[in-house]
Amino acid sequence: MLAVFLGLREGAGATVCCASAAREASLYRQPVLAIDGRHSDAGLSSLFNRTDGDGEDWLGALRGGRKALSALWQYSENLYFLPLNPPEPQTAPLTGPEIARVLLETQRFGFCDVMIDAGRAHQRPLLYGANVPISSLRTEADHNSLLRLSRTPLEDNDVLLLNKIEPESTVMREIITYLSTEKRFQPHLAPMRILWDEAAARAGIYRSPVAEAAPFSQSGQALGAFATWLRLRAAGRCQS
């Protein structure tokens with residue numbers, strides 16, 4: 001499976017979801033790769049126990065004439081990731097062809113699943129031409145996210161995952177009902193929602209994916225279920 005995780009806005013949780021999905025997929029005892037696809041001070045490295053700047057990242061390797069996989073890190077027995085360090089002032093922006101090159105390398109290496117944390121949805125154009133089967137858009141059930149979602153084109157392979165849900169919130173329940181019944185959004189909506197709890201904050205402190213740091217938390221269990229559902233969807237065994 002090749003999946004890209006995007007957030008409708010900064011802080012929507014794409015990085016947390018990507019890390020947890022990769023960790024869950026690695027439990028099937030097949031090699032899984034998570035790729036940091038955005039320049040950030042709080043990227044995948046923060047959830048895979050790597051300090052930013054601790055060695056060369058995959059983009060630096062590519063631009064230095066080497067293989068992107070020369071920057072490969074191993075987090076656990078079957079879980080690997082390619083880090084992307086925070087940009088220096090002189091760092092040129094990441095380009096679509098560079099993402100396509102790293103994906104081509106990973107296909108030759110034989111990873112069973114590849115997950116890309118691509119940051120905010122405005123970076124989607126970088127992925128055009130990369131032949132990504134699934135895009136997972138993380139959003140929150142609030143007014144701001146609903147406005148952004150109304151302006152965001154949805155592809156056939158997009159999945160909408162609602163994050164940071166507060167069950168006692170009447171407004172959130174109304175927005176969820178709207179998204180679940182609106183024809184444009186309903187086919188894309190994932191069947192599970194990620195409830196708001198402190199597990200994500202705890203995972204950041206422990207520098208590990210939520211599903212690993214707090215497996216019995218509501219958010220940890222929901223993220224694990226979403227990762228399994230995503231793999232089944234990619235295999236054509238379940239529907240939205």
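**Note on the predicted model: helix 1, helix 8 and three loop residues**

1. The crossing of helix 1 and helix 8 is right-handed (the near helix is turned clockwise from the far one by less than a right angle; anticlockwise would be left-handed). The residues in this contact divide into 7 nonpolar, 3 polar and 2 charged. Nonpolar covers Ala, Val, Leu, Ile, Met, Phe, Trp, Tyr, Cys and Pro, charged covers Asp, Glu, Lys and Arg, and the others, Gly among them, are polar.

2. This is a predicted model, in which local features need pLDDT of at least 70 and side-chain atom pairs count only at pLDDT 80 or more, while totals for chains, interfaces and linings use all residues. Residues are numbered from 1 along each chain as its sequence is written, and side-chain values use heavy atoms, with hydrogens and water left out.

3. The protein has 8 helices and 7 strands, taken as DSSP runs numbered from the N terminus (helices H or I, at least four residues; strands E, at least two). Of its 240 residues, 52% are buried (under 20% relative accessible area; exposed is over 50%, partly exposed in between, with a 1.4 Å probe and protein chains only).

4. Helix 1 spans residues 14-26 and helix 8 residues 218-234; they pack with axes 9 Å apart at an angle of about 70°. Axes are lines fitted to C-alpha atoms over the stretch in contact, and angles run from 0 to 180 degrees between N-to-C directions. The two helices are therefore roughly perpendicular (65 to 115 degrees; under 35 is roughly parallel, over 145 roughly antiparallel, the rest oblique). On the helix 1 side, the residues in contact (heavy atoms within 4.5 Å) include Val 16, Ser 20 and Glu 24; on the helix 8 side they include Leu 223, Phe 226 and Arg 231.

5. Tyr 28 sits in the loop between helix 1 and strand 2 (32-36). Leaving out residues up to four places away in sequence, Tyr 28 touches Thr 228 and Arg 231. Both of these also belong to the helix 8 side of the helix contact. Tyr 28 is partly exposed, at 40% relative accessible area.

6. Leu 195 is in the loop between helix 5 (170-181) and helix 6 (199-206), and is partly exposed at 23%. Its contacts, again without residues up to four places away in sequence, include Lys 164, Pro 167 and Gln 218.

7. Asn 85 lies in the loop between strand 4 (79-82) and helix 3 (96-109). Its relative accessible area is 13%, so Asn 85 is buried. A polar atom of its side chain is 3.2 Å from the backbone oxygen of Gly 55.

Note on methods: A polar contact is a pair of N or O atoms within 3.5 Å; within protein, one must be able to donate a hydrogen and the other to accept it, and residues adjacent in sequence count only if both atoms are side-chain atoms.
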